[in-house]
Structure formats: structure tokens, C-alpha cells
Amino acid sequence: MDDGRPRWARFCQGPRPGGPRPGGWRAAGGVHPGAWGGARLPWFSTVWLTVFVLVGTRFAAKGQPGRADLGPLAYTLLIAGAALLLLRHRHPRTVALGTAVVCSVYLAAGYPYGPVLFVVAFGCFAGIVAGHRTAAWTGVGLVWASHLLVGHWLYRWLPPPGDRPAPWGEQLFVTAVVAAVVAVSELARVRREQFARIRAERMAAERRRADEERLRIARELHDVLAHSISVINVQAGVGLALLDADPEQARTALTTIKAASKEALGEVRQVLDTLRTPGDAPRAPAPGLDRLPELREQAAGAGLTVEVTESGARTGLAPGADLAAFRIVQEALTNIVRHSGSRTARVRLGHRTDALEITVDDDGPATAAGRAGDVIGGGNGLIGMRERAAALGGTVEAGPRPDGGFRVHARVPLRPATPAGPPEPQRPGAAHAPDTVKPHATEEES
């Protein structure tokens, strides 16, 4: 988009601050033109370089009696070229072209060779590193071409008087200097791009780890609170209904509420302790399938009878797989308590050589709340199951059974696979993958 400046100004100065960034590698996190636009002017280095150029040129002139004597114009050109480097971070294209023009005029005037070539080298370096390769290459090409023309053709009309054609060895030296400057600048640009890419990848990895940790904590809190609060909600209803008719049963319901709330507080405290002390091992072991009896007792307190059967040779699970299996069973039972009219649930654990198969069935029918959840994806329970299984390379399927009721089937590998990345969130209307919830489910997730 045209910003109202002449073409030469846009070429030399680059895009306006705040304007659109150019495409390519610079837009992907690399160094882009104007990246140093807000940096402070490099006064210290520029002053020292100016002093070095002036003093070094005086010493170099003593060994070149055939060149023109240094005069006011020579010093003006030397100071002007070095002063341009003050803007090398903000306007690298202008500096690359400006220093080349100054150096070309200086050499065309017949003044001695010397540190003036460093001015061109710094200007070219700044332009290439900032991504303005065309301007930098144009600048050094201008110096080389002007030196070639002056040394072999224009010397007849330029000072010093009586000058002869420059030896080709001198031209080869200038060519070698130009090639070295360009090579070093390109190498620095490549290394700068690599560092920028590595830094961007590291930041992306840190953000990804933070997102994964946030999702993990969200799943833990959801599983803990959803199950415990569901039990508390059911028992509170029982207690209110039986408070006058059966005080003893109401007392039992209150006892169950107290135990469930205590357990929930303990697990929430464990999650919060992990947040407060990152990197430390948790003070209590993560729950696993060895706590299924406790889960059955809690479900029984909510009026749900849980039958657990196992098949196959039981093998030890990795901590992550053990926790995922426990949370899947816990969430499935929570959904039955909240959304199913069935008071019986069947949990089958199939121990295979490479995976643990988990099946949780209930006979239904769905309650009014469950029938209201025909559109799957509105809650977090089944999504959390899927994410837990997918993180280990497993799958989860959930949906109504042909003969009535609801079934959750999960496969948790014994050796967790390394997924390509965190599972993408489901979009409304998207096709269901094999490890997602089956359509037309009759129970709403929690």
C-alpha cells in the first residue's frame, strides 16, 4: 500500500513505523526492517569509529605519496560517512547506500586508501543484517564499479594530476575486500535468523507447555469437583427429603457429604500446592485404580451400585495411565449419577498386553437433565476424558447402547505414545473423530 512517499524514499527508509510488516522470513519472527527503529542512537561506537577513521586515514596517507593530499573536502567526506553510521539501526538502507556514495566520491577524488573502507563495511553489514540485502548489495556494487571506472578510465579527468591507470592487483584487492564484507554480512544475517527462529520456537514451546499445564489443571479440578459436588448434591437432596421422616438416614447423608467435601478439599489443595511450588514432587500420590473401592463407596452413598469386573492378567500401569484410567471411571460414574435414572453401573476392566480397556455401562433411562443434553460438546466431562486418553495415545467412545442405556468405552495404552500435539478443540458441526463422543448421545456430560 502506498504511504505517500516517493519511491526512492520508501526504498531507502523502509516502511513507516507501525506500518505493515513485510512477508517472508521477517514476518515469521525473524529480524525485519525497522526492528531497531526504537533503539537508542549508537553515539559511543559512532564517535569512536569516526576518530579511528580520521586518525587512521592520516597514517595511511603517509605511505601513499601518489594520492591526493587530504584537505577540507576529504575530511568532510570522512566525517559525513562515519556520521551516517549513527542511523544504521533506524535507517539501514539509507546508511548502506549513503556510505557507499561517500566512499565512491572519496576514492574518485584520488584521496588515499584507508579506514574509509570500514565505513562502507559497517553500512553494508547493517543493511544486510536488517534484511535490506538489495540496498546493501547495490551499495558495495557501486563502490566496486566506481573504483573500476575511475582506476581504468576516468582517472584522466580526475585528481591527482598525472595519475596513471590503477594496477589490476589493486582492483583485485578491492574486489576481495568487497567479497569479504558481503560474505561476513550474509553469515551474520543467517546466524541472526537462526537465533531469531530458535528464540521463537523456544517461546512457542513454552507457551505450549503452559497451555498443556493449564488444561491438565483444569481437567483435574473438573474431575475432582464434578464428582464430589455431584455426590454432595444427591446426598443433600436425600437429607432434605428425609430430615423429618427419617432423621437417621438424613444423618447418614450428612456424613457422606462431609466425607465427600473433605476428600474434594484434599485433592484441590494438592492441585493448588503444585501450582504454588512448581517443580516439586506432589506431597500425596496421584489417585489410581487402587482407589476404585473408595469410588464405589462414594457412588453407593449417592445411591448408585457399582459392579466392577476384571479380565486378563493385571499389570502395573504408569502413573499417568493409572491416573487417566481412574479419572475416566470417576467421570463416567459422575455422569450416571447426574444424568441417568439407573441405580446400577457396571465397570469392566480388560487388561491386555498393550492396553487397558475400560467399559462403563448403565441401563438408563436418561433423566430430564440427560435428555436435555442431546447436543454433545456443551460440557467438559467427556471432552476431558478424550483429552486424557489422547495425551497417552488412547481413545474414548461414548454414546447410547442399542439395547438402551449409555456406554463409555476407553482404551488406555500401557506404554504412552507421543502425540503430535495437544488435541484440537471440537468445532460445532465438525465431524467426530474415532476417539470422540458418538453422536445422538442421550446423557449430558458434566
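Okay, let me start with a cysteine: Cys 103 sits at 1% relative accessibility, so it counts as buried, the cut-off being under 20%. Cys 124 comes out at 2%, so that one is buried too. And before anyone asks about bridges: a search of the whole structure turns up zero disulfides.

I should say right away that this is a predicted model. How much of the chain reaches a pLDDT of 70 or more? The answer is 76% of the residues, and the mean pLDDT of the chain happens to be 76 as well. Two stretches need a warning. Over residues 17-37 the pLDDT is below 50, although this stretch still has 32 contacts in the model beyond near neighbours in sequence. Then there's residues 419-446, where pLDDT stays under 50 as well, with 78 contacts beyond four places in sequence. The usual caution applies: where pLDDT is low, don't read the predicted coordinates in detail.

Now the overall picture. The chain has twelve helices and five strands. It runs to 446 residues, and 42% of them count as buried. If you take the contacts with a separation of 6 or more, 75% of them join residues 24 or more positions apart. On the outside, the chain exposes about 24,300 Å², and carbon and sulfur atoms supply 62% of that.

On to the sheet. In what order do the five strands line up? Going across, you get S1-S2-S3-S5-S4, in an open sheet with mixed pairing. Strand S1, residues 305-311, and strand S4, residues 395-400, are at the edges; each has a single partner strand, so one side of each has no neighbour in the sheet. The twist averages 10 degrees from one strand to the next.

Let's zoom in on that S4 end. S4 pairs with strand S5, residues 406-413, in the antiparallel sense, over six bridges. Within that region, Thr 395 stands opposite Arg 411 in S5. Helix H10, residues 319-339, packs on the sheet and touches S1, S2, S3, S4 and S5, with its direction at about 10 degrees to that of S3. Back in the S4 and S5 hairpin, there are five residues between the strands, and Gly 404 takes a positive phi near 100 degrees.

A couple of loop residues to finish. Ala 318 lies in the loop between S1 and H10. Is Ala 318 buried or partly exposed? Its relative accessible area is 28%, so Ala 318 counts as partly exposed, given that buried means under 20% and exposed means over 50%. Its C-alpha is 9.8 Å from that of Gly 288, and those two are 30 residues apart along the chain.

The other one is Arg 291, in the loop between helix H8, residues 247-276, and helix H9, residues 292-301. This arginine has a relative accessible area of 18%, which is under the 20% cut-off, so Arg 291 is buried. What is Arg 291 in contact with, leaving aside neighbours within four places in sequence? You'll find Glu 263, Glu 267 and Phe 326 there. Glu 263 and Glu 267 fall within the 247-276 range of H8, and Phe 326 falls within the 319-339 range of H10.

That's what I had, so let's open it up.

Notes
Residues are numbered from 1 along each chain as its sequence is written. This is a predicted model: local features need pLDDT of at least 70, side-chain atom pairs count only at pLDDT 80 or more; totals for chains, interfaces and linings use all residues. Side-chain values use heavy atoms; hydrogens and water are left out. Two strands pair if DSSP finds at least two bridges between them. Helices (H or I, at least four residues) and strands (E, at least two) are DSSP runs, numbered from the N terminus. Axes are lines fitted to C-alpha atoms, for helices over the stretch in contact, and angles run from 0 to 180 degrees between N-to-C directions. Contact means heavy atoms within 4.5 Å. A disulfide is a pair of cysteine sulfur atoms within 2.5 Å. Buried means under 20% relative accessible area, exposed over 50%, partly exposed in between (1.4 Å probe, protein chains only). pLDDT is the predictor's confidence in each residue, from 0 to 100. Accessible areas come from the Shrake-Rupley method with a 1.4 Å probe; for residues, only the protein chains shown count as cover.
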